[in-house]
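Reader: I am new to this structure and would like to know what stands behind the terms used for it. Please take me through them one at a time.

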Amino acid sequence: MTTPEAVHRPARDTVLEQDGVRLTIEGPVATVALVRPEKRNAQSPAMWRALALAGRSLPGAVRIVVLRAEGRSFSAGLDRQAFTPEGFDGEPSFLDLARSDDAALDAVIAEYQEAFTWWRRPDLISVAAVQGHAVGAGFQLALACDLRIVAEDAQFAMRETGLGLVPDLTGTHPLVSLVGYARALEICVTGRFVHAEEAERTGLANLVVPGAELDSAVADLTTALLAGPRDAVVETKALLQGAVTRSYEEQRTAERAAQARRLRDLAGLGD
């Protein structure tokens, strides 16, 4: 028998499926899934391009983006094949990239970063659902999202420094913002695991739940995030993002301007 919920629930459409990334749309909710469980969702430049394409493929009606991963691990980080002389098929190896001039190398890294930048767009709220290992690029992808709900078995680690590299996929700014400079430095330089309990205590995770409850917890949060009027949510997110760099007085001014826009819109006097 068809339930009333099934009748009114928007259809789920697969918009993109390539290079270990699947994008599905269900009304105002998009789900980006990492679908290389056999590789523990290890990342590659092709996956990064697919993630960037997913961001560009979102319909305007999408308000929430959920990032999840199939299998036992969220993401084991960069596929180690990148460090081999042959690299990936059709891709320059990292050893080849190291021989590039500064401008060319900067352009390549900037392209890689595009997979990690769009999650904090003002018109969206992004939620990472993390289980198992989130290491290196996996940690940074979780940090790219606005919010993180994690399973009790989640383990975060920033392993780049131990490889002689630095975290360069946009993770350093949110990490410092969430846990502070001193703890961020210690996490990055030691490369140690941050377990779920510490992640929640230090602000890396918004909520920790048993693994079997991860999907339902994300669904509950998504419902709550959709409850507010979209324009007010967008303005609020922009206010909070700007508070990081504004002074107290500048933030007061920004609050007044945002509220004036909302009042005029509610009164039908907006532009």
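Reader: What do the buried residues of α4 pack against?

Author: They pack against α2, α3 and α5 (137-144). This is a predicted model, and what follows describes that model. The buried residues in question are Tyr112, Ala115 and Phe116.

Reader: How do you know that the span of helix α4 is close to the expected one?

Author: Helix α4 covers residues 102-117, which is 16 residues. The expected span is 1.5 Å times one less than the number of residues. For α4 that expectation is 22 Å, and the helix reaches 22 Å from its first C-alpha to its last.

Reader: Which contact is found at the start of α4?

Author: A side-chain oxygen of Asp101 comes to within 3.2 Å of the backbone nitrogen of Ala103. The limit for a polar contact is 3.5 Å, and this pair falls inside it.

Reader: What makes strand β5 largely enclosed?

Author: Buried means under 20% relative accessible area. Six of the six residues of β5 (residues 125-130) are buried, so the rest of the structure largely encloses this strand. Both of its faces are covered: Ile125, Val127 and Ala129 are buried on one side, and Ser126, Ala128 and Val130 on the other.

Reader: How do you know that β5 pairs with β4 and with β7?

Author: Two strands pair if there are at least two bridges between them. β4 and β5 share four bridges and run parallel, with Val66 opposite Val127 in β5. Four bridges also join β5 to β7 (residues 147-151), again in the parallel sense. There, Ala129 has Ile149 as its bridge partner in β7.

Reader: Which strand does β7 pair with in the parallel sense over three bridges?

Author: That strand is β10. Ile149 stands opposite Leu207 in β10. Three bridges satisfy the requirement of at least two.

Reader: Why are β1 and β10 said to stand at the edges?

Author: The open sheet has seven strands in the order β1-β2-β3-β4-β5-β7-β10, with mixed pairing. β1 (12-18) and β10 (207-209) each have a single partner strand, so one side of each has no neighbour in the sheet. On average, neighbouring strands of this sheet are turned by 20° against each other, direction ignored. Helix α5 packs on the sheet and touches β3, β4, β5 and β7; its direction makes about 145° with that of β5.

Reader: Why is the pair of Glu91 and Arg49 called a salt bridge?

Author: The rule asks for a side-chain nitrogen of Lys or Arg within 4 Å of a carboxyl oxygen of Asp or Glu. The closest N and O atoms of Glu91 and Arg49 are 2.1 Å apart, so the pair qualifies. Glu91 lies in the loop between β4 (64-69) and α3 (94-98) and Arg49 in helix α2 (residues 45-56), so the salt bridge ties together parts 42 residues apart in sequence. By this rule the count comes to 15 salt bridges.

Reader: Are Glu91 and Arg49 buried or partly exposed?

Author: Glu91 has 16% relative accessibility and counts as buried, being under the 20% limit. Arg49, at 35%, counts as partly exposed, which is the class between 20% and 50%.

Reader: What makes Arg192 part of a network?

Author: Arg192 meets Glu186 in a salt bridge at 2.4 Å, N to O, and forms another with Glu198 at 2.7 Å. Both distances are within the 4 Å limit. Salt bridges that share partners join Arg183, Glu186, Arg192 and Glu198 into one network. Within that network, Arg192 is partly exposed at 24% relative accessibility and Glu186 is partly exposed at 30%, while Glu198 is buried at 11%.

Reader: How do you know that Asn41 is buried?

Author: Its relative accessibility is 0%, and buried means under 20%. Asn41 lies in the loop between β3 (29-34) and α2. Among the residues it touches are Leu34, Ala69, Ser73 and Gly77.

Reader: Which backbone oxygens lie by the side chain of Asn41?

Author: The side chain of Asn41 reaches the backbone oxygen of Glu70 at 2.8 Å. The backbone oxygen of Phe74 lies 3.4 Å from a polar atom of that side chain. Both distances are within the 3.5 Å limit for a polar contact.

Methods:
Residues numbered from 1 in each chain as written. Predicted model: local features only at pLDDT ≥ 70, side-chain atom pairs only at ≥ 80, totals over all residues. Heavy atoms only, no water. Helix = DSSP H or I, 4+ residues; strand = E, 2+ residues; numbered from the N terminus. Buried < 20%, exposed > 50% of the residue type's maximum accessible area, 1.4 Å probe, protein only. Polar contact = N/O pair within 3.5 Å; in protein donor to acceptor, adjacent residues only side chain to side chain. Contact = heavy atoms within 4.5 Å. Axes fitted to C-alpha atoms, helices over the stretch in contact; angles between N-to-C directions. Lists of a residue's contacts leave out its neighbours within four places in sequence.
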